[in-house]
Amino acid sequence: MSSAKSVSENATPGFLVWRLSMKWRVAVDRAVGPLGLTHAQYSLVASLYGMHHDGVRPSQRRLADHTGLEPLYVSKLARSLEAAGIVDRTRDPADPRAVQLSLTEEGREVTRRAITVVQGLLEQLLAPLGGLSGERTRAFGRELATLLDVPLDPHAGTEAIPDATSPKEQP
């Protein structure tokens, strides 16, 4: 365990975020697998569940924006969840090009069970910060939200990275 800690102590924040996201993805995949879901599918149905609770029947595009998943991937996930009887896909009456998503009754039941399982995982993961309701957890959540709100330009900063194959300039 000490070797993992020493790696974490010297790691960049980007590496730590990546490692934490991979740890979380694997844990959720294992936890929701018995319910017939993957982590990505869980992200989609849990988001749909929450949006439905708020009175929203989102389009695939809106759900993609909400989850951070690529629209094409959301479409693929929605098709597989529709085939499994968990999601309904219908044309939006206001925009025939758009597809609206909703959970079936079976989908709502599976999602409720999955949310319970994932909440338990989250409580376990966040225990060192005081659990889901801990002040450190709330502060951590605010910090993560701040980082997620930063728009990224994939080409910004590439000029500042020196080409490792070219000789370094001398002063």
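## F15 and a nonpolar surface patch

With a relative accessibility of 33%, F15 counts as partly exposed, because the partly exposed class runs between under 20% (buried) and over 50% (exposed). The model described here is a predicted one. F15 lies in helix α2, a helix that spans residues 13–32.

F15 is one of four residues that make a nonpolar patch on the surface. The others are L16, W18 and M22, and the patch covers about 340 Å².

## Overall layout

The protein has 171 residues, with 7 helices and 2 strands. Along the sequence the elements follow the pattern α-α-α-α-α-β-β-α-α, which places the two strands between the fifth and sixth helices.

Buried residues make up 27% of the protein. The accessible surface comes to about 12000 Å², and carbon and sulfur atoms hold 58% of that area. Among contacts with a separation of 6 or more, 43% join residues 24 or more positions apart.

## The largest nonpolar core

In soluble globular proteins, nonpolar side chains tend to be buried together. In this model the largest nonpolar core has 27 residues. The members that touch the most other members are L37, L44, V45, V87 and L101. Six elements give two or more residues each: the helices α2 (13–32), α3 (39–53), α4 (60–67), α5 (71–83) and α6 (105–126), and the strand β2 (95–103). Helix α3 gives the most, with 7 residues.

What does V87 touch, leaving out residues up to four places away in sequence? Its partners include L44, V45 and L48, and also A78, L81 and E82. The list is completed by L101, S102, L103 and T104. Of these partners, L44, V45 and L101 are named, like V87 itself, among the core members that touch the most others.

## Q41 in helix α3

Helix α3 also holds Q41. Is Q41 buried or exposed? At 12% relative accessibility, Q41 counts as buried, because the limit for that class is under 20%.

The side chain of Q41 makes a polar contact with the side chain of S80, at 3.2 Å. Leaving out residues up to four places away in sequence, Q41 touches G36, L77, S80 and L81. L81 is also on the list of residues touched by V87.

## D92 in strand β1

D92 lies in strand β1, which covers residues 87–92. D92 counts as buried, with a relative accessibility of 17%. A polar atom of the D92 side chain lies 2.8 Å from the backbone nitrogen of A94.

Beyond four places in sequence, D92 touches A98 and Q100. D92 and S59 are 33 residues apart in sequence, and their C-alpha atoms are 7.6 Å apart in space.

## Salt bridges in helix α6

Side chains of opposite charge can pair when their charged atoms come close. The whole structure contains 8 salt bridges. A network of them links E105, R108, E109 and R112.

Two of the pairs in helix α6 share E105. The side chains of R108 and E105 meet in a salt bridge at 2.6 Å, N to O. Both residues lie in helix α6, 3 residues apart, which is about one turn of the helix. E105 also meets R112 in a salt bridge, at 3.8 Å, N to O. R108 is partly exposed, at 23% relative accessibility, and R112 is partly exposed as well, at 33%.

## A salt bridge in helix α7

In helix α7 (residues 135–148), E135 forms a salt bridge with R138. The closest N and O atoms of this pair are 2.9 Å apart. How many residues apart are E135 and R138 in the helix? They are 3 residues apart, so about one helical turn separates them.

Both partners count as partly exposed: E135 has a relative accessibility of 45%, and R138 has a relative accessible area of 40%.

Note on methods. Residues are numbered from 1 along each chain as its sequence is written. This is a predicted model: local features need pLDDT of at least 70, side-chain atom pairs count only at pLDDT 80 or more; totals for chains, interfaces and linings use all residues. Side-chain values use heavy atoms; hydrogens and water are left out. A nonpolar core is a set of buried Ala, Val, Leu, Ile, Met, Phe, Trp, Tyr and Cys residues joined through side-chain atoms within 4.5 Å. Buried means under 20% relative accessible area, exposed over 50%, partly exposed in between (1.4 Å probe, protein chains only). Helices (H or I, at least four residues) and strands (E, at least two) are DSSP runs, numbered from the N terminus. Contact means heavy atoms within 4.5 Å. Patches are made of residues with over 30% relative accessible area and no salt bridge: like charges are joined within 9 Å, nonpolar side chains (Val, Leu, Ile, Met, Phe, Trp, Tyr) within 5 Å. Accessible areas come from the Shrake-Rupley method with a 1.4 Å probe; for residues, only the protein chains shown count as cover. A polar contact is a pair of N or O atoms within 3.5 Å; within protein, one must be able to donate a hydrogen and the other to accept it, and residues adjacent in sequence count only if both atoms are side-chain atoms.
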